[in-house]
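Subject: Structure handover

Hello,

Here is the structure you are taking over, with my notes below it. Please have the sequence and the model open side by side while you read.

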Amino acid sequence: MHSWYSIFPKNPWLSIYAWVIFCLLPFFFFFRSSSPIEIAVGISLLLLFFLSYRFSFKSKSGLVYMWLSFEIVINIGMTLLFGYVYLSIFTAFFIGNIRNPVGFFIMYGLHIAFTVGAIVGGFFIEIELFLPQVHFILVTVIGTVLLPFNLYNRNKRENLEGQLEDAKERISELIILEERQRIARDLHDTLGQKLSMIGLKSDLASKLVKQDPETAIKELQDIRQTARTALKEVRELVADMRAVRLEDELLRIRQMLRAAEMDFTMEGDPQFNNIPTIVENVLSMCLKEAVTNVVKHSYGTACHVTFEQMPNEFVITVEDNGIGITRGGETSPGSGLKGMRERLEFVNGNLSVEGGKGTKLTVRVPAVLTHIME
């Protein structure tokens, strides 16, 4: 539900002005009556309407239809007694926000029927009251007919877009999970048997060192050969993975920031020396996700990326001059930072986020894998 005082959710200032007009305009109709009783009745009906309207937005159960019924009855009374039909716009707005299709169409049909019936009845009862404002009444009827459908369809579209976004996030999570499982299976099939063999031969060699040194040396040679074979298979496995180079990702990042009309500056060399393919893949995906978050959520005008290769780690820093981030991104919507941390865990990396005047995101991956594969 939108805010209870909002008629045009996309235009909050116009909404406030509309409220002021619709709250003050009834008094013009009330004070046209000479009877103090009629004035008191009109003011009472107006207060009851806004009270019912407020409670209808607060209701979470079937009581909402009771409050809507009260509003429709008060609309009829205001129309017949004072010729004031414009409160039906408020009721139409609320009906458009009903999510239940059955409830929407029932209340939509009843509201139109009673509104049109009250207007027709008013013309028969006191035509002089309605004839001067017939043009405004016609516009009100058109709004009563079209506004609920417009809001209902927009809410339905937003709901579908939200479900689609959730589905995309779920698919991304499943893809990551499937990739992890695939890598785990390949590593298990590649290394499991050979590591077991290395363990058994190591135990055997330790027992034969004193009893049969020549056999022990032969076993150690077999262990060395098995280790070389396992290392070769791991390299082939890594080489078969889809390579995403940092410099290629930078081209797409420049295009993204240019489309978002944000300034881009870079420091350092993205061509890291002796970086394993799997590490570069992870860093490229994290860089892409970080810059995407800058474009979507920072509301900044500039983005600065720093590449730094240290003796024991690779470091990438992404900074913006936007609104900043709180609590290290723990309360941020979406799963972008969570996905980055999960990818980095796979290569023993880590992610740090600093807020303030803008956001500074730092990705660190140790260079241990490089030494292992040499």
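Ser69 is partly exposed, with a relative accessible area of 34%. This residue lies in helix H3. Its C-alpha atom is separated by 9.1 Å from that of Leu110, and the two residues are 41 residues apart along the chain. Please keep in mind that this is a predicted model.

Gly122 is another residue to look at. It is found in helix H5 (residues 101-125). Is Gly122 buried or exposed? Gly122 is buried, because its relative accessible area is 1% and buried means under 20%. The C-alpha atoms of Gly122 and Leu80 are separated by 5.2 Å, although these residues are 42 residues apart along the chain. If neighbours within four places in sequence are left aside, Gly122 is in contact with Leu80, Ile127 and Phe130.

The whole protein

The protein has twelve helices and five strands. Of its 374 residues, 40% are buried. Among contacts with a separation of 6 or more, 69% are between residues 24 or more positions apart.

Two packed helices

Two packed helices are described by the angle between their axes and the distance between the axes. Helix H2 (residues 36-58) and helix H4 (residues 88-96) pack at an angle of about 10°, and their axes are 11 Å apart. H2 is therefore roughly parallel to H4, because angles under 35 degrees count as roughly parallel. Which residues make the contact? On the H2 side they are Phe49, Phe50, Tyr53, Ser56 and Phe57, and on the H4 side Phe90, Thr91, Phe93 and Phe94. Sorted by class, the contact of H2 with H4 has seven nonpolar residues, two polar residues and no charged residues.

Aromatic pairs

A pair of aromatic rings is described by the distance of the centres and the angle of the planes. How many aromatic pairs does the structure hold? It holds 14 aromatic pairs. One of them is formed by Phe55 and Trp67, with 5.0 Å centre to centre and 40° between the planes, and this pair is tilted. The pair links distant parts of the chain, with Phe55 in helix H2 and Trp67 in helix H3 (residues 63-82), twelve residues apart. Phe55 is partly exposed, with a relative accessible area of 36%, whereas Trp67 is buried, with a relative accessible area of 19%.

A second pair is made by Phe272 and Phe314. Their ring centres are 5.2 Å apart and their planes are at 35°, so this pair is tilted. Phe272 lies in the loop between strand S1 (263-267) and helix H10 (277-297), and Phe314 lies in strand S3 (residues 313-320), so the pair ties together parts that are 42 residues apart in sequence. Both Phe272 and Phe314 are buried.

There is also a cluster. Ring pairs link Phe104, Phe105, Tyr108, Phe149 and Tyr152.

A threonine in a strand

Thr306 has its place in strand S2 (residues 302-309). It is buried, with a relative accessible area of 15%. What does the side chain of Thr306 make a polar contact with? The partner is the side chain of His304, at 3.2 Å. With neighbours within four places in sequence left aside, Thr306 is in contact with Glu267, Val315, Ile316 and Thr317.

Two residues with a positive phi

Glu261 is not a glycine, yet it has a positive phi of about 60°. Glu261 is found in the loop between helix H9 (246-259) and S1. This residue is exposed, because its relative accessible area is 71% and exposed means over 50%.

Asn274 is not a glycine either, and it has a positive phi of about 55°. It is found in the loop between S1 and H10, and it is exposed, with a relative accessible area of 57%.

Where to start

To follow these notes on the model, begin with H2 and H4, which pack at an angle of about 10°. Then find the ring pair of Phe55 and Trp67, and after that the pair of Phe272 and Phe314. Thr306 in strand S2 can come next, followed by Glu261 and Asn274 in their loops.

Regards

Terms used
Residues numbered from 1 in each chain as written. Predicted model: local features only at pLDDT ≥ 70, side-chain atom pairs only at ≥ 80, totals over all residues. Heavy atoms only, no water. Axes fitted to C-alpha atoms, helices over the stretch in contact; angles between N-to-C directions. Helix = DSSP H or I, 4+ residues; strand = E, 2+ residues; numbered from the N terminus. Parallel < 35°, antiparallel > 145°, perpendicular 65-115°, else oblique. Contact = heavy atoms within 4.5 Å. Nonpolar A, V, L, I, M, F, W, Y, C, P; charged D, E, K, R; others polar. Phe/Tyr/Trp six-rings, centres within 6.5 Å; stacked < 30°, edge-to-face > 60°. Buried < 20%, exposed > 50% of the residue type's maximum accessible area, 1.4 Å probe, protein only. Polar contact = N/O pair within 3.5 Å; in protein donor to acceptor, adjacent residues only side chain to side chain.
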